[in-house]
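Me: Could you take a close look at one part of this structure for me? I'd like to see how a single strand fits in with whatever surrounds it.

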Amino acid sequence: MSYQKCFLKNVLKLKSTTYIFVMISLLLGSLQVYGQQITRTPYLQMLGEKSVQIRYRTNQAILSEVQVSSDGKTFNRIKKSNQTNTEHLVLIDSLTASNKYFYRIKLTANQFAGDSTYFFKTAPSIGSQEKFSVWTIGDMYPDGPYQKNVYEGFKKFIGNKYTNLFLTQGDNVYGGGSDGDFQTNFFQIYQNGPLLKQSALFPSVGNHDYDIYPKNQDHPDMAYFQNFTLPTKGELGGLASGSEAYYSFDYGNTHFICLDSYAWGKDNMRIFDGPSDQLTWLKNDLKATKQKWKVVFFHYPPYTKGTYDSDLVPDLINLRAILPKVFDEYNVDLVLTGHSHVYERSKPLKNHYGLSSEFNKAVHWPQSSSGRYDKSTNSCPYLFSTSNTDKNGVIYVVNGVGGGPGTLRYGVTHPVMEYSLAGQAGSFYFEIDGNRLDAKFINEEGNVLDQFTVFKDLTLKAPSTQTINYFDKLELAATWTGEYVWSNGDKTKNIKVSPTENTVFKVSDPQNCFQESFDIKVNPPLSIQNVEESINIPFESLTIYDLLGRKTKEFKQNGTINKELISELNPGLHILIYQQNGQEKSMKIRTNSY
């Protein structure tokens, strides 16, 4: 019998109820020392180039302690608190940009939470062209298996690839928005897998997050604001907002802006009520950023024909009259929203602020392609420019199906949308790689149902002509990031060529959306020498080529170009490259049969 069982048996034999109560309390207290558990697994907040904040929750008040390692073996960096807590927030600083760090959480002297999956990657340096990835969801209402299936579908799609950022488009929870709702319907869902403990989480707030609270931004009792630590002072780039309801941050070459499209600010104004503190901050923040890409995410959609109709809902009508004008003025590239429980994705859109009946594709669609870039008809990428913005437009995505599917309320699609989908739950994912953005909508099975690609500031090379000497080597490079088909069969972005005659090298993408041409002129080869003139020339090494540049013989040791060596060559023309007195020399000879 264990010590604990024996102890309880003896206690229960005692007649004094007071004594029993005291002793059982002492026993349970002693057991709790060894029962410390994490009840909310770690999630990453405020991740930047040099620091991150790690949050987690325990069932008992203990000291916060996180240990960090660069190799996953030696945890020699320790950050801890001086006070016990159940709600833990640990700052890890003095880090290096674009670097991978492992971490573990200390619970007792010999008990840690953490394994090889507990790691994060710091943000790239501001302006870096380094590739990164973003997963986004909206409206995660707990309706049957959909929410879990959407996450499982994403995990199937992404496999072992790392996801840098995790964004939400509001309505993170339903049914009240309490801390219990967040624990059950958010944290316990997404802690099942690598996402929360590896990817930096930047949420936005929706109307259901406010359900049981006053509709005031930054309300101190509201679970959303208690559970997330967000940049209010411009700590991660952008202008200080003074509010966790709306904020901005930089990541690599991209500026992200989160808005609150529902609640009242400290000025008693909502963002769509007219001039407001939030709207002023938004304009100033967009004006100040110098980043190549601009992505805005919030809850209410300016354009939708899903479970809500943006032509009929007054808040959406008012929002559309204000925000898209700002996005157009400051050249926002991508706007992510939710609220309407469908998936919708527009073409690049410009100067459309009215009802759907007022839409004119000849006026409001600067580009006609579907943007899918999948070899289907009219699907070349969208092309944006920072210097000539007339053809840019803003791509709007409604992604309100993180918890389940909805229907088109009136059975029609919004005309600004290139793609509309009802009845499917899913998530939205995109990657930014320098001047290229690739985005995909992923369903519960992990299948891609919609996709689009944007290139920004892509200037294709005009056809060029270069002249090289016979047998010289030359490196050619395509301009864009992606796939390549060269006329000589190569598939890489950069190729090395050594033509022996005038040759035009062409490269295109597999869909023939981009083509570049390089006309290489080759100077005539060396003058032809008679064999007699080549007899008895000493060399330290010798390589012989035919006129197509193919190596036919090679001598790595000292020797002599003489009649005997030449007699071994086939009749015809040959190029001889040889080392003599440490210098490389060459000549062209004609041989005859002896």
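Here is the strand I'd like to hear about, followed by your walk through it.

Which strand gives the most to the lining of the largest pocket, and which strands join to it?

Reply: Quick ground rules before the tour. This is a predicted model, with local features needing pLDDT of at least 70 and side-chain atom pairs counting only at pLDDT 80 or more, while totals for chains, interfaces and linings use all residues. Residues are numbered from 1 along each chain as its sequence is written, and side-chain values use heavy atoms, with hydrogens and water left out.

The strand you're after is S19, which gives four residues to the lining of the largest pocket. Strands here are DSSP runs of E with at least two residues, numbered from the N terminus. Two of them pair if DSSP finds at least two bridges between them.

Let's start with the neighbours. Strand S18 (residues 426-433) runs antiparallel to S19, and eight bridges join them. Phe428 stands opposite Phe441 of S19 in that pairing. The two strands make a hairpin with two residues between them, where Gly434 takes a positive phi near 65°.

Then comes S20, also antiparallel to S19, with seven bridges joining the two. Here Lys440 stands opposite Gln451 of S20. This hairpin has four residues between its strands, and Gly446 in the turn has a positive phi of about 85°.

As for exposure, seven of the eight residues of S19 are buried, so the strand is largely enclosed by the rest of the structure. Buried means under 20% relative accessible area, with exposed being over 50% and partly exposed in between, using a 1.4 Å probe and protein chains only.

Now the pocket. The largest one has a volume of about 240 Å³. Of its 16 lining residues, the closest to its centre are Tyr373, Arg436, Gln451, Thr453 and Glu483. Strand S19 (436-443) and strand S20 (448-456) are the elements that give two or more residues to the lining. Gln451, the residue opposite Lys440, is thus one of the residues named as closest to the centre. By class, the lining has four nonpolar, four polar and eight charged residues.

For the cut-offs: on a 1 Å grid over the protein atoms alone, a pocket is an open set of points where a 1.4 Å probe fits, with protein on both sides within 12 Å along at least five of seven lines, and lining residues have an atom within 4 Å of a point. Points are joined across faces, edges and corners, and the volume is the space filled by probe spheres set on them. For the classes, Ala, Val, Leu, Ile, Met, Phe, Trp, Tyr, Cys and Pro are nonpolar, Asp, Glu, Lys and Arg are charged, and the others, Gly among them, are polar.

Finally, the packing in the model. The largest nonpolar core has 118 residues, and Phe256, Phe327 and Phe430 touch the most other members. A core is a set of buried Ala, Val, Leu, Ile, Met, Phe, Trp, Tyr and Cys residues joined through side-chain atoms within 4.5 Å. Leaving out residues up to four places away in sequence, Phe327 touches Leu259, Leu282, Val296, Phe298, Val332, Val335, Val394 and Tyr396, a contact being heavy atoms within 4.5 Å. A second, separate core of 23 residues includes Val497, Val507, Phe514 and Ile575.
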